[in-house]
Amino acid sequence: MSLSSKVINAGLFLIVLMVPLIFTPITYDIFELPKLTLTRILILTITTAWVIKIIREGRIKLTETSLNYPICALIMANTLSVIFSIAPHLSLYGGYQRYAGLLTFLLYPLLYFVAINNIDNKKQINKILAGIIISGTLAAIYSIFQNYGIDFIRSDFTANPVLRYRNFA
């Protein structure tokens, strides 16, 4: 297995394991910004590794699925939406606390295409499923503690009225 393939596999695993769990109490936007930042870093890393893998192999191998064309159509529709938007800057980058601009949207089709073109055996699928189960289990355990008033992460949640209540519970 090449280094590029190892980076792609590790990145896909880290996306499903870490993104649901990451947050930071040092910013006002405790959940969404850290998750989006980590997602962007990991998707751009695995995409770069995929491009390097394609260059080294000297060929582009694209897996055909029934979702490829609808996803490409959605990308084109979103791109046209930005071009004809009355607020193109906002449509491209998204707004504060709602980073759902075109640049963020394009990450998800990138993730899809990297995944379908690089996950090719049951061992890889099982590893990703294990990451999903581990992160889900950890979030569930933490939410049970929060439900009973036990919170391991000390933060001033009361400063933000939306965060006055438990977030995982």
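The following paragraphs lead through the fold, one helix and one surface patch of a predicted model.

In this predicted model, local features need pLDDT of at least 70 and side-chain atom pairs count only at pLDDT 80 or more, whereas totals for chains, interfaces and linings use all residues. Residues are numbered from 1 along each chain as its sequence is written, and side-chain values use heavy atoms, with hydrogens and water left out.

The chain holds seven helices and zero strands, helices being DSSP runs of H or I with at least four residues and strands runs of E with at least two, numbered from the N terminus. Of its 169 residues, 34% are buried, that is, under 20% relative accessible area with a 1.4 Å probe and protein chains only. Where residues at least 6 apart in sequence are in contact (heavy atoms within 4.5 Å), 66% of these contacts join residues at least 24 apart.

Helix α2 covers residues 32–57, and its 26 residues reach 37 Å from the first C-alpha to the last, close to the expected 38 Å, a span defined as 1.5 Å times one less than the number of residues. After α2 comes Gly58, which has a positive phi near 75°.

On the surface, Ile141, Ile144, Phe145, Tyr148, Ile150 and Phe152 make a nonpolar patch of about 640 Å²; such a patch joins nonpolar side chains (Val, Leu, Ile, Met, Phe, Trp, Tyr) within 5 Å, from residues with over 30% relative accessible area and no salt bridge, meaning no side-chain nitrogen of Lys or Arg within 4 Å of a carboxyl oxygen of Asp or Glu. Tyr148 lies in the segment after α7 (122–147), and Tyr148 counts as exposed because its relative accessibility is 65%, the cut-off being over 50%.

Terms used
Patch = residues over 30% accessible without salt bridge, like charges linked within 9 Å, V, L, I, M, F, W, Y side chains within 5 Å. Areas by Shrake-Rupley, 256 points an atom, 1.4 Å probe, with all protein chains shown as cover.
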